[in-house]
Amino acid sequence: MTSMGSWQSRLTQIGHAAQQWVIEWWRLIYLGALLLVLTLSPSSYSRESRLVLSRHIYLNTAPILLWFTVLCALVTVVLTRIVVVTALSYGLSQYALQVVIRVLVLELIPLTAALFVALRCTIPDGAELTAMQASGQLDEMRRQGGDPVRREVLPRVVAGMFSGITLAALSSVVALVVAYVAVYGFNVSGLAAYTRLFGQVFSPAVTLIFVLKTLFFCLAVALIPMASALYGMRDASVRTSAEMRGLVRMFAVILLIEVTSLVGNYY
Amino acid sequence: MSPPQDPLPPNAPPAPAPDPDSVDPLRPGQASASSPAQVASLEFKARMLLVFMLLLVCGAAMYVLYARGAFETTQRLVLISDDSEGVVVGMDLTFSGFPIGRVRRIELAEDGKARILIDVASKDAHWLRTTSVFTLVRGIVGGTNIRAYTGLLKDPPLPDGAVRTVLQGDASAEVPKVIAAAKDLIENLNTLTSSTGAVGASMANLQTLTERLNGPGGALTVLLGSEAEAKKFAATLDRTNALLTKLDGLAAKTDTQVFGEKGVMPETRATIVQLNTMLGEARNSLKKVDAVLQDAQAISANAKDATADLGALRADVEANLRKVEGLINEISRKWPFAKDPRDAEIKLP
């Protein structure tokens, strides 16, 4: 009887955990859908909302744009040299630039941009939202007839996505230019061949996967910290555990997107 | 599944009191509602950022389209191949190492062959002529290459939609053949070098040969097959030597008989001298005969001339007789002396 009771309690715990897991993911999807609707609604872009959105977009993007670009250029120079020299030593120099474009632009830069935005912007934004919820400001806002999701969450999510896309686009362009200069030097004689090579790498399927991957990366790093901040407080007595769960969930989603894109690109 | 809930439903437990430790002191605007008035000309800067991002994204999209050849005019070339393995959409058609076209589609024809549809840039299409040759080469390392070769650049240009058969050269396909050939070669070598093989038998024979060479009889044993034969050969040689000695003595005697002072040769020489003298005398006799013959020839010539003169004389006599006869006839006709015409006739002797 004791054994049967322990099995029952264990099964109950597993069921409860699974239910909780499904509820959390459903809340995340629901919040994403809600934010998508709010993003596409003209009513979300009143004068005051636009100002708030502008502030978040500017503060999330401008301060990190230059540093991230410089960092990207340095990494590109180093990786390009490594790949070109290695390929040359194996007599495969004709594939060096293609490998650089594939590794850097297709794989590393979107991931790095998303993680950089997460660490510098969206996770602190999530912590800020958590603090606001803990202090009762969101309740107060709701009591006054305001909508916390529209006023506080939406600008942060949109700003996070904007920041991620801008960083990915800019660093991709910088990486392409730096890789060209590292291989051909400061002349335009190799531009036609380089462009052709770029066109070979960016087939329609690869381009679509690249765009979708970047968008989903940005959505994941912008949305999941906010969802953890909004929903995490009720299920966790300690704030850090909710943040940690959010971080783990975000990294799991990023990993899933990356694996899916790799499967799409190479299988 | 529970329905999605508002972040803080009305029946939710009251939020805990704000924890001062959880506030990040590095973010001044934290834990307060967003305020738009903290950055100067915020909206303008945000718009600039938005425009910048849109320019980046649109520029990248245009560059991708340009790199994919979306803005260049092309003409279609269809290559027919038995096997399209290694050919992928987007790969280049090269001419002298320069890419001039791209593979747009690969399809299977009705006859089971692969049709490789290639878009050749119009600005590079003049490199392709009606006599151009196209090859599909698969390397052992690296990808497949489609190459065009034009020998005569003055031939008519390749028309749009031209269909050509591609020549295939597969380096990797040769590898199994090479391996099979090498395997056969190694097997043959093993057969040759095994103990029962030809090389092994040859080596054994060589060893026997060396032993015989080193043994009694040496090379003679090797050449004649056995030691007994070699001994016979040695005996034959000895007898030949003895025979040669006898021949030497015989030759010395012959020399004395033939070339000695009273040998055959001096007497022969004297005989020849006598023969020369006799021949000289015979030559003189012949000269005399020759002179006699010349005299006889002269006599004969004179007789011949005399015969010719007699002929002329006879002709003259005959002519005179005819004249006389004519004269007598004339006299007889004019003045007849005989009663009998037969007596009146003058007869010539």
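In which sense do strands β3 and β4 of chain B pair, and over how many bridges? In this predicted model, strand β3 (residues 98–108) of chain B and β4(B) run antiparallel and are joined over seven bridges. One of the residue pairs involved is Leu108(B), whose bridge partner in β4(B) is Ala114(B). The two strands make a hairpin with five residues between them, and within that turn Gly112(B) adopts a positive phi of about 85°.

Strand β4(B) also has a partner in β1(B). Strand β1 (residues 74–81) of chain B is antiparallel to β4(B), with eight bridges between them. Here Leu79(B) sits opposite Ile116(B) of β4(B). Ile116(B) appears again in a nonpolar core of 17 residues, which also includes Ile100(B), Ile118(B) and Ile146(B). In a regular strand the side chains alternate between the two faces of the sheet.

It helps to see how confident the prediction is in this chain. The mean pLDDT of chain B is 80, with 82% of its residues at 70 or more. Among the elements of chain B, strand β4 (residues 114–121) has the highest mean pLDDT, 92, whereas the lowest, 56, belongs to helix α7 (residues 341–344). Some caution is due at the start of the chain: over residues 1–37 of chain B, pLDDT stays under 50, and the model has 52 contacts beyond four places in sequence for this stretch. For the complex, the predictor gives an ipTM of 0.86 and a pTM of 0.62.

Taken overall, chain B holds seven helices and eight strands. Of its 349 residues, 10% count as buried. Among contacts in chain B with a separation of 6 or more, 49% come from residues 24 or more positions apart.

Attention now turns to chain A and its helices. Helix α2 (residues 47–89) of chain A has 43 residues, which at 1.5 Å a residue should span 63 Å; the C-alpha atoms at its ends are 60 Å apart, in agreement with that value. Along the way, α2(A) has a kink of about 45°, centred on Leu65(A). Just after this helix, Gly91(A) takes a positive phi of about 75°.

The largest nonpolar core has 76 residues, and those touching the most other members are Ile101(A), Ala179(A), Ala220(A), Val221(A) and Leu223(A). Elements that give two or more residues to this core include α1 (2–40), α2, α3 (96–135) and α7 (204–235) of chain A, together with α1 (42–67) of chain B. The largest share, 20 residues, is supplied by α3(A). Ala220(A), one of the residues with the most core neighbours, is in contact with Met250(A), Val253(A), Ile254(A) and Ile257(A), leaving aside neighbours within four places in sequence.

Helix α3 of chain A also houses Leu106(A). Is Leu106(A) buried or exposed? With 20 other C-beta atoms within 10 Å, Leu106(A) is buried, because the cut-off for a buried residue is 20 or more. Beyond its neighbours within four places in sequence, Leu106(A) is in contact with Ile101(A), Val206(A) and Phe210(A). Leu106(A) and Thr214(A) are 108 residues apart along the chain, yet their C-alpha atoms are separated by 9.5 Å.

Methods: Residues are numbered from 1 along each chain as its sequence is written. Chains are lettered from A and ligands numbered from 1 in the order in which they are written. Helices (H or I, at least four residues) and strands (E, at least two) are DSSP runs, numbered from the N terminus. The expected span of a helix is 1.5 Å times one less than its number of residues. The bend at a residue is the angle between axes fitted to the seven residues ending there and the seven starting there. A residue is buried if 20 or more other C-beta atoms lie within 10 Å of its own, exposed if 12 or fewer, and partly exposed in between; C-beta atoms are placed from the backbone. Two residues are in contact if their C-beta atoms, placed from the backbone, lie within 7 Å. A nonpolar core is a set of buried Ala, Val, Leu, Ile, Met, Phe, Trp, Tyr and Cys residues joined through C-beta atoms within 7 Å. pLDDT is the predictor's confidence in each residue, from 0 to 100. Two strands pair if DSSP finds at least two bridges between them.
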